[in-house]
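User: Please look closely at the second largest pocket. Which elements give two or more residues to its lining, and how do the residues of the lining divide?

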Amino acid sequence: MTQDILAADAPAPKDWIMAIAPYIPGKSKTDDGRHVSKLSSNENPFGTSETAREAFRAAADVLERYPDSAAVELREALAAHHGLDPERIICGTGSDEVLHMAAGAFAGPGDEIIYSRFGFSVYPIATRRVGATPVVAPDKDYATDIDAILACVTERTRLVYIANPNNPTGTFASRAEIARLHAGLPRHVLLVIDQAYAEYLDPQDDDGGMELARTAPNVLVTRTFSKIFGLASARVGWGYASAAVIDAMNRIRQPFSFSISASRAAVAAVADTAFVERCRLHNKEWLARFEGEIAALSNKGLRAVPSKANFSLVLFEGETSAETAYKALMDHGYIVRWLPGQELPHGLRITIGTQEEMQGLIAALREIVGA
Ligand SMILES: *Cc1c(COP(=O)(O)O)cnc(C)c1O
């Protein structure tokens with residue numbers, strides 16, 4: 001027999017936990033349950049590398065053993081590939097866990113954590129989870145405003161989160177801007193540069209974050225296998241920072257995170273540089289074509305925020321609202337991300353899909369806005 005239990009009778013959660021707005025993931029089905037093109041979570045439309053898939057399968061028999069807590073194999077593979085010190089790499093259950101560990105190790109009640117308006121939606125959760133105070137720096141036409149962040153710094157600031165390129169806007173802060181941000185921060189502030197989309201950049205667009213993490217005591221760079229590597233389901237992410245920062249984070253790390261299969265898949269994915277390059281070039285071509293198509297719809301009030309990631313934030317500032325377009329796209333078989341919960345009720349974040357998906361989506365969008 002079930003009994004209604006009043007929330008008032010249950011143990012009281014901390015105030016700062018109840019101040020968290022739960023994370024809203026991208027939909028994978030339409031509201032009426034149809035499976036359609038999912039362009040709502042910035043996943044890789046080409047799946048993952050075949051060698052990574054094979055490596056995952058080959059390790060799938062070993063279910064009774066704990067995975068290697070220290071993730072030695074993966075850290076060594078990453079260190080060799082990027083020219084890093086394996087001792088200064090930390091792995092986590094997705095880069096989300098690494099982002100949470102940064103707040104957990106360096107901030108608590110009374111401390112402040114700064115991020116940009118329209119920053120990644122995990123930052124407010126990670127901040128409030130540890131009881132720290134979120135400080136939201138104003139944006140500059142949807143992009144990260146370095147000066148606005150620096151103006152928010154106080155002696156209580158413990159951490160700055162910046163996603164570069166940023167999600168959900170796709171905007172990018174240059175190497176010079178990142179250097180200026182770092183130079184303007186006091187030494188007691190940890191600068192977390194979330195590079196979830198770094199592999200989509202042209203090599204000359206490198207924001208210099210990894211170089212800063214290599215040389216500065218107060219910079220953490222995070223990376224993920226969920227985006228260009230196509231391993232979102234495996235939940236593998238990692239970070240690079242000074243030995244002192246990594247040591248603090250390691251103390252609160254879950255002893256065991258991703259599975260052996262996930263680790264093997266990640267190691268294989270790092271080695272398959274041809275797959276990554278193919279995905280990067282497809283994205284570059286279709287992002288540019290998509291932004292061109294949106295520019296052609298400017299007379300309908302559409303505008304794409306300039307992106308360097310694998311998605312585009314399209315603003316609807318004319319007759320057709322983002323909500324209307326979102327629902328109509330779903331009817332046409334395309335699920336994109338409408339973001340009213342992130343102060344973007346006028347925006348749709350659209351992941352770059354396959355050629356077929358992009359052509360179909362563009363045709364649908366033109367029809368919806370009456371072009
Ligand atoms: C997708 C994404 C992540 C990665 O999350 P995982 O936990 O590694 O899957 C981190 N930061 C940003 C900005 C993202 O968009």
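Analyst: Helices and strands here are DSSP runs numbered from the N terminus, with at least four residues for a helix and at least two for a strand. The model is predicted.

The second largest pocket holds about 530 Å³ of space. Its lining is made up of 23 residues, and nearest the centre are His82, Ala198, Glu199, Leu201 and Arg223. Four helices each give two or more residues to this lining: H3 (72-82), H8 (209-215), H10 (260-271) and H11 (273-295). Of these, H11 supplies the largest share, with four residues. Sorted by class, the lining has 11 charged, eight nonpolar and four polar residues. Both domain 1 (24-47 + 274-369) and domain 2 (50-271) give residues to this lining, so the second largest pocket lies between them.

The largest pocket serves as a reference. Its volume is about 750 Å³, and 33 residues line it, with Ser121, Pro124, Gly341, Gln342 and Glu343 closest to the centre. Two or more residues of that lining come from each of strand E3 (112-116), helix H5 (122-129), strand E4 (133-137) and strand E12 (337-339). By class, the lining of the largest pocket has 20 nonpolar, seven polar and six charged residues. The largest pocket also lies between domain 1 and domain 2, because both give residues to its lining.

Definitions and conventions
Residues numbered from 1 in each chain as written. Predicted model: local features only at pLDDT ≥ 70, side-chain atom pairs only at ≥ 80, totals over all residues. Heavy atoms only, no water. 1 Å grid on protein atoms, 1.4 Å probe; cavity = no way out; pocket = protein on both sides within 12 Å on 5 of 7 lines; lining within 4 Å. Points joined across faces, edges and corners; volume = space filled by probe spheres on them. Nonpolar A, V, L, I, M, F, W, Y, C, P; charged D, E, K, R; others polar. Domains from an automatic or database assignment.
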